Amino acid sequence: MKFQTNRLKGERIAQGIGQDEIADKLGIDRSTYSRYENGARSMTVETLTDIAAAVGLTADQMGVLFKDADDEEI
């Protein structure tokens with residue numbers, strides 16, 4: 001499943017958190033987190049939930065939309 005990830009960076013910056021800090025919390029490399037944030041790497045719902053928690057939000061609060069294979073909102 002593909003997600004719109006455009007809010008990840010905005011929420012992270014609004015919280016004053018760097019990519020390195022989130023990557024450390026998630027136990028992943030900063031470059032991996034960066035690819036999640038810019039949409040170059042897909043993620044699971046669990047990863048999205050972990051990222052949201054790292055910035056103090058729930059996945060629902062992130063406003064992330066699920067996309068189907070045709071990139072239509074569902």
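These legends walk through several close-up views of a predicted model of one protein chain.

**View 1. The whole chain at a glance: four helices and two strands.**
Welcome to the overview. Starting at the N terminus, the elements follow the order β-α-α-α-α-β. The protein chain has 74 residues, and 34% of them count as buried. About 4,500 Å² of the protein chain is exposed, with carbon and sulfur atoms supplying 45% of that area. Looking at contacts between residues at least 6 apart in sequence, 55% join residues at least 24 apart.

**View 2. Helix 2 meets helix 3.**
Two numbers set the scene here. A pair of packed helices is described by the angle between their axes and the distance between the axes. The axes of helix 2 (residues 19-26) and helix 3 (residues 30-37) cross at roughly 105° and come within 8 Å. That makes the two helices, helix 2 and helix 3, roughly perpendicular. On the helix 2 side, look for Gln19, Asp20, Ile22, Ala23 and Leu26; their partners in helix 3 are Arg30, Tyr33, Ser34 and Glu37. Sorted by kind, the residues of this contact are four nonpolar, two polar and three charged.

**View 3. The two faces of helix 2.**
Which residues of helix 2 are buried? They are Gln19, Ile22 and Ala23. Seen down the axis of helix 2, these buried residues fall within an arc of 100°, so they line one face of the helix. A general point helps in reading this view: an α-helix has 3.6 residues a turn, so residues three or four places apart point the same way. The face of helix 2 turned away from the buried side holds Asp24 and Lys25, which are exposed. The buried residues of helix 2 pack against helix 1 (6-14), helix 3 and helix 4. Just past the end of helix 2 comes Gly27, with a positive phi of about 75°.

**View 4. Helix 1 packs with helix 3.**
Here the two axes are 7 Å apart, and the packing angle is about 120°. Helix 1 and helix 3 are therefore oblique to each other. Helix 1 brings Leu8, Lys9 and Arg12 to this contact, while helix 3 brings Tyr33, Tyr36 and Glu37. These residues divide into three nonpolar, no polar and three charged. You may recognise Tyr33 and Glu37, since both also take part in the contact of helix 3 with helix 2.

**View 5. The buried residues of helix 3 and what covers them.**
In this view, the residues to find are Thr32, Tyr33, Ser34, Tyr36 and Glu37, which are buried in helix 3. Their cover includes helix 1, helix 2 and helix 4. Take a moment with Thr32, which belongs to helix 3. Its relative accessibility is 11%, so Thr32 counts as buried, the cut-off being under 20%. Thr32 and Gln19 are 13 residues apart along the chain, and their C-alpha atoms are separated by 9.8 Å. Just after helix 3, Gly39 has a positive phi of about 80°.

**View 6. Helix 4, with a buried side and an exposed side.**
Helix 4 covers residues 45-54, and its buried residues are Thr47, Leu48, Ile51, Ala52 and Ala54. Viewed down the axis of helix 4, they fall within an arc of 160°, so they line one face of the helix. Where are the exposed residues Glu46 and Ala53? They sit on the face of helix 4 turned away from its buried side. Asp50 is also in helix 4, and with a relative accessible area of 44% it is partly exposed. Asp50 and Leu26 are 24 residues apart along the chain, yet 7.0 Å separates their C-alpha atoms. Following helix 4 is Gly56, whose phi is positive, near 80°.

**View 7. Asp60 in the loop after helix 4.**
The last stop is the loop between helix 4 and strand 2 (66-67), where Asp60 is found. Is Asp60 buried or exposed? Its relative accessibility is 74%, so Asp60 counts as exposed. To place Asp60 against helix 4, look for Leu48, one of the buried residues there. The C-alpha atoms of Asp60 and Leu48 are 9.9 Å apart in space, and the two residues are 12 apart in sequence.

Definitions and conventions. Residues are numbered from 1 along each chain as its sequence is written. This is a predicted model: local features need pLDDT of at least 70, side-chain atom pairs count only at pLDDT 80 or more; totals for chains, interfaces and linings use all residues. Side-chain values use heavy atoms; hydrogens and water are left out. Buried means under 20% relative accessible area, exposed over 50%, partly exposed in between (1.4 Å probe, protein chains only). Contact means heavy atoms within 4.5 Å. Accessible areas come from the Shrake-Rupley method with a 1.4 Å probe; for residues, only the protein chains shown count as cover. The arc is that of the directions from the helix axis to the C-beta atoms. Axes are lines fitted to C-alpha atoms, for helices over the stretch in contact, and angles run from 0 to 180 degrees between N-to-C directions. Angles under 35 degrees count as roughly parallel, over 145 as roughly antiparallel, 65 to 115 as roughly perpendicular and the rest as oblique. Ala, Val, Leu, Ile, Met, Phe, Trp, Tyr, Cys and Pro count as nonpolar, Asp, Glu, Lys and Arg as charged, and the others, Gly among them, as polar.
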